[in-house]
Amino acid sequence: MGNLWLLATEATKGGFGLNFDVLETNLINLGIIIGVLVYFGRSAVGKTLADRREAIENAIKDAEERQQKAASALKEQEQNLAQAQAQAEKIRQQAVERAASVKATILAKSDEDIQRLQETAAQDLEAEQTRVIAELRKRVVALAMQRVESQIRDELNDDLQHQLIDRSIARVGGN
């Protein structure tokens with residue numbers, strides 16, 4: 001590209017001409033380009049750099065704000081977690097207490113039921129014993145009556161029967 005730039009220079013013979021020395025013309029061309037860039041580009045480059053700097057500062061501010069929000073949200077969530085853990089511990093403790101209370105109630109109820117069953121069994125046993133004794137008495141009485149009747153039939157003849165009847169009538173009539 002430096003070869004395409006031709007710069008008018010003063011010739012050694014006293015006039016203007018073209019300088020075809022590549023090294024010399026490149027240095028001059030570079031100097032001119034740098035001068036033009038510095039003169040015209042200073043404001044454009046400065047504005048671009050200022051815009052870029054402002055964009056970077058805004059990005060940093062946004063990142064710092066997001067970091068603060070994230071830290072605040074993290075702190076809030078940690079507090080929520082601590083509250084949830086405390087609530088869970090409270091619920092667990094209440095469940096343990098409730099289980100102990102229910103256990104005590106069930107044991108007391110079981111003791112009452114056992115006592116009631118024992119009393120009922122004792123009453124049933126006593127009733128059954130009374131019934132059996134009454135039944136035995138009836139049988140003993142029935143057997144005694146059968147024996148007495150049997151003995152009376154064997155020993156009681158017609159004369160003895162008439163005497164008993166007469167005595168019974170006399171008692172009834174004499175009273």
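Colleague: Which residues does UniProt list for "transmembrane region"?

Modeller: The unreviewed UniProt entry lists residues 27–45 under that name; in this predicted model, the chain over residues 27–45 is 100% helix and 0% strand, with the end C-alpha atoms 23 Å apart.

Colleague: Why is Tyr39 called exposed?

Modeller: Tyr39 has a relative accessible area of 64%, and exposed means over 50%, so Tyr39 is exposed. The place of Tyr39 is in helix α1, which covers residues 22–155.

Colleague: What makes the nonpolar surface patch of about 520 Å²?

Modeller: The patch is made by Ile28, Ile32, Val36, Tyr39 and Phe40. A patch takes residues with over 30% relative accessible area, and Tyr39, at 64%, is over that value, so this part of the requirement is met for Tyr39.

Colleague: How many helices and strands does the chain have, and what pattern does the chain follow along the sequence?

Modeller: There are 2 helices and 2 strands, arranged along the sequence as β-β-α-α. Of the 175 residues in the chain, buried residues make up 3%, while the accessible surface comes to about 15,900 Å², with 59% of that belonging to carbon and sulfur atoms.

Colleague: Which elements have the lowest and the highest mean pLDDT?

Modeller: Strand β1 (residues 8–10) has the lowest mean pLDDT among the elements of the chain, 44, and α1 the highest, 90. Over residues 1–13 the pLDDT is below 50, although this stretch has 24 contacts in the model beyond near neighbours in sequence. Where pLDDT is low, predicted coordinates should not be read in detail. For the chain, the mean pLDDT is 83, and 85% of the residues reach 70 or more.

Methods: Residues numbered from 1 in each chain as written. Predicted model: local features only at pLDDT ≥ 70, side-chain atom pairs only at ≥ 80, totals over all residues. Heavy atoms only, no water. UniProt positions renumbered as here; feature names shortened; annotations may be inferred. Helix = DSSP H or I, 4+ residues; strand = E, 2+ residues; numbered from the N terminus. Patch = residues over 30% accessible without salt bridge, like charges linked within 9 Å, V, L, I, M, F, W, Y side chains within 5 Å. Areas by Shrake-Rupley, 256 points an atom, 1.4 Å probe, with all protein chains shown as cover. Salt bridge = Lys/Arg side-chain N within 4 Å of Asp/Glu carboxyl O. Buried < 20%, exposed > 50% of the residue type's maximum accessible area, 1.4 Å probe, protein only. pLDDT = per-residue confidence, 0-100. Contact = heavy atoms within 4.5 Å.
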